[in-house]
Amino acid sequence: MKFCMMGTRYKETPVSLREKVSFTNSQKIEFMNRLNKEGISQAVVLSTT
């Protein structure tokens, strides 16, 4: 099993970078579909505010 994680700290990360790693609801679905096509059947996108 392989595991990958990426994170940012909102207080320390510039808005320009945070905007690049944010997902709209439709982008989440598109991202999950793309992962599925690559053989990745499980993934989590966690966003807190």
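User: How many aromatic pairs does the count come to in this structure?

Analyst: Happy to walk through it. In this predicted model, the count comes to one aromatic pair. The partners are Phe23 and Phe31, with 5.2 Å centre to centre and 55° between the planes.

User: What describes a pair of aromatic rings?

Analyst: Two values do the work: the distance of the centres and the angle of the planes. Here, the pair of Phe23 and Phe31 is tilted, because only planes under 30 degrees apart count as stacked and those over 60 as edge-to-face.

User: Are these two rings buried or exposed, and how do I read that?

Analyst: Relative accessibility is the value to read, with buried meaning under 20% and exposed over 50%. Phe23 has 34% relative accessibility, so Phe23 counts as partly exposed. Phe31, at 27%, also counts as partly exposed.

User: Which residues form a nonpolar patch on the surface?

Analyst: Phe23 appears again here, joined by Met32 and Val45, and together the three have about 210 Å² of accessible area. Met32 sits in helix 2, which covers residues 25-37, and is partly exposed at 32% relative accessibility.

User: What does the protein's secondary structure come to?

Analyst: Two helices and zero strands. The C-alpha atoms fill a box of roughly 35 × 25 × 15 Å along the principal axes, and 4% of the 49 residues count as buried.

User: And what belongs to carbon and sulfur atoms on the accessible surface?

Analyst: Their part is 54% of about 5,300 Å². As for charge, the protein has 8 positive and 4 negative side chains, with the centres of the two sets 4 Å apart.

Terms used:
Residues numbered from 1 in each chain as written. Predicted model: local features only at pLDDT ≥ 70, side-chain atom pairs only at ≥ 80, totals over all residues. Heavy atoms only, no water. Phe/Tyr/Trp six-rings, centres within 6.5 Å; stacked < 30°, edge-to-face > 60°. Buried < 20%, exposed > 50% of the residue type's maximum accessible area, 1.4 Å probe, protein only. Helix = DSSP H or I, 4+ residues; strand = E, 2+ residues; numbered from the N terminus. Areas by Shrake-Rupley, 256 points an atom, 1.4 Å probe, with all protein chains shown as cover. Lys, Arg positive; Asp, Glu negative; His and termini not counted. Charge placed at Lys NZ, Arg CZ, Asp CG, Glu CD. Patch = residues over 30% accessible without salt bridge, like charges linked within 9 Å, V, L, I, M, F, W, Y side chains within 5 Å. Salt bridge = Lys/Arg side-chain N within 4 Å of Asp/Glu carboxyl O.
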